[in-house]
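Student: I should like a close look at a single part of this structure, namely the place where chain A and chain B touch. Please describe how that interface is built and which pockets accompany it.

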Number of protein chains: 2
Amino acid sequence: MASPEIEELTQALSRLPGLGPRSARRAVLHLLKKRESALEPLLRALDAVNERLVTCSLCGNVDTVDPCGICADPRRDARALCVVEDVADLWALDKSRLFPGRFHVLGGRLSALEGVRPEDLSIDALVARVEAGGIDEVVLAMNATLEGQTTAHYLAERLERFPVRLTQLAHGVPVGGELDYLDEGTLAQALRARRPLG
Amino acid sequence: MASPEIEELTQALSRLPGLGPRSARRAVLHLLKKRESALEPLLRALDAVNERLVTCSLCGNVDTVDPCGICADPRRDARALCVVEDVADLWALDKSRLFPGRFHVLGGRLSALEGVRPEDLSIDALVARVEAGGIDEVVLAMNATLEGQTTAHYLAERLERFPVRLTQLAHGVPVGGELDYLDEGTLAQALRARRPLG
């Protein structure tokens, strides 16, 4: 029978998204077998994240400093604000280095199903940032899901009284995407938003 | 862009079996979002495993003591030894509480494909245990895979010169198993080993 330490580690791992009880058990065995090459690096990495990372009090990004590197960067265009659901979306957008402005992380999306209400997200803080002025454009970069779009519409209503331009990401065929494999919704959006060649 | 701490944690997690880079990233975000309910328990559990667990020098089991609880238990039948590939197999067999003896963990299986040779497994230690005497029966409880069975045959050759009974687990229809879903190999084994009714 496995010791209580192993049971606890298995349980802690099985609560991660993407790992069930069986794969958590396999992961624990892997960690036990490869202590120096797997367990100890994971332990150190977790510890470093736990010790050093903080949530930016301005935008909700996760970084070693508060305000985060993006909010503190004077070369960033303070007039453009990109609102995203999660930190992962911020990273994905920032990796492209195409957006010169700052970000605002909501911390999720409105969801009747999961009981996520406006007060559960960082929406009041967003409204306060826009109300404080100095922002010309707010990009509502929610996911192209039903819940993401519901959230975008809700934000648009909350922000319409301010003198800012509200925009959203374009829908269309992903670069490298094959029409054959795309859903009808994407195809319809791509066709509706078609542009003159060259 | 994610900080180096996050990249390192993502990499450490993505090396776990069952987690790819994308799900490791999702797991990291989950850990960052739920620090108190996910990150800190995982950190504590990993630390406890790293600090407290040792490999039993007799059988290869993982426990907080060496010799492990099974090897040290005087109620265990020292004359019966069950050889398994991995610690997980030991736990699975021991959970059933049907085997009264002790165990020996090989630490893997012979595999030409993965380059696992006899000297990479705890085979010499097994031979030494059997040679030391006091053992009547050795159950070769390898997995019912090609590599498991190759390993069992190799062990049988190594152990045949000692006065012990070598046995293996029975093959057949798993309890609750539907014939329809079983492979031909299992069905053939089950038919060949058929027994008179009750």
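Tutor: The account below takes the interface and then the two pockets in turn. This is a predicted model, in which local features need pLDDT of at least 70 and side-chain atom pairs count only at pLDDT 80 or more, while totals for chains, interfaces and linings use all residues. Residues are numbered from 1 along each chain as its sequence is written, chains are lettered from A and ligands numbered from 1 in the order in which they are written, and side-chain values use heavy atoms, with hydrogens and water left out.

At the interface, 49 residues of chain A are in contact with 48 residues of chain B (contact means heavy atoms within 4.5 Å). The size of an interface is often given as the accessible area lost when the parts come together. Here the two chains bury about 4500 Å² between them, 69% of it on carbon and sulfur atoms; buried area is the accessible area (1.4 Å probe) that two parts lose on being put together, summed over both.

Across this interface there are 4 salt bridges (a side-chain nitrogen of Lys or Arg within 4 Å of a carboxyl oxygen of Asp or Glu). A salt bridge joins the side chains of A:E5 and B:R52, at 2.9 Å from N to O. On chain A, the elements that give two or more residues to the side touching chain B are α1 (4-14), α2 (21-33), α3 (35-52), β2 (62-63) and α5 (87-95). Helices (H or I, at least four residues) and strands (E, at least two) are DSSP runs, numbered from the N terminus. The largest share of that side, 14 residues, comes from α3(A).

The largest pocket has 30 lining residues, of which A:L29, A:H30, B:D86, B:V87 and B:A88 lie nearest its centre. On a 1 Å grid over the protein atoms alone, a pocket is an open set of points where a 1.4 Å probe fits, with protein on both sides within 12 Å along at least five of seven lines, and lining residues have an atom within 4 Å of a point. To this lining α2 of chain A and α5 (87-95) of chain B each supply at least two residues, and α2(A) gives the most, with 8 residues.

The second largest pocket is lined by 23 residues, and A:A88, A:D89, A:A92, A:N143 and B:R22 are the closest to its centre. Its lining draws at least two residues each from α5 of chain A and α2 (21-33) of chain B, and α5(A) gives the most, with 6 residues.
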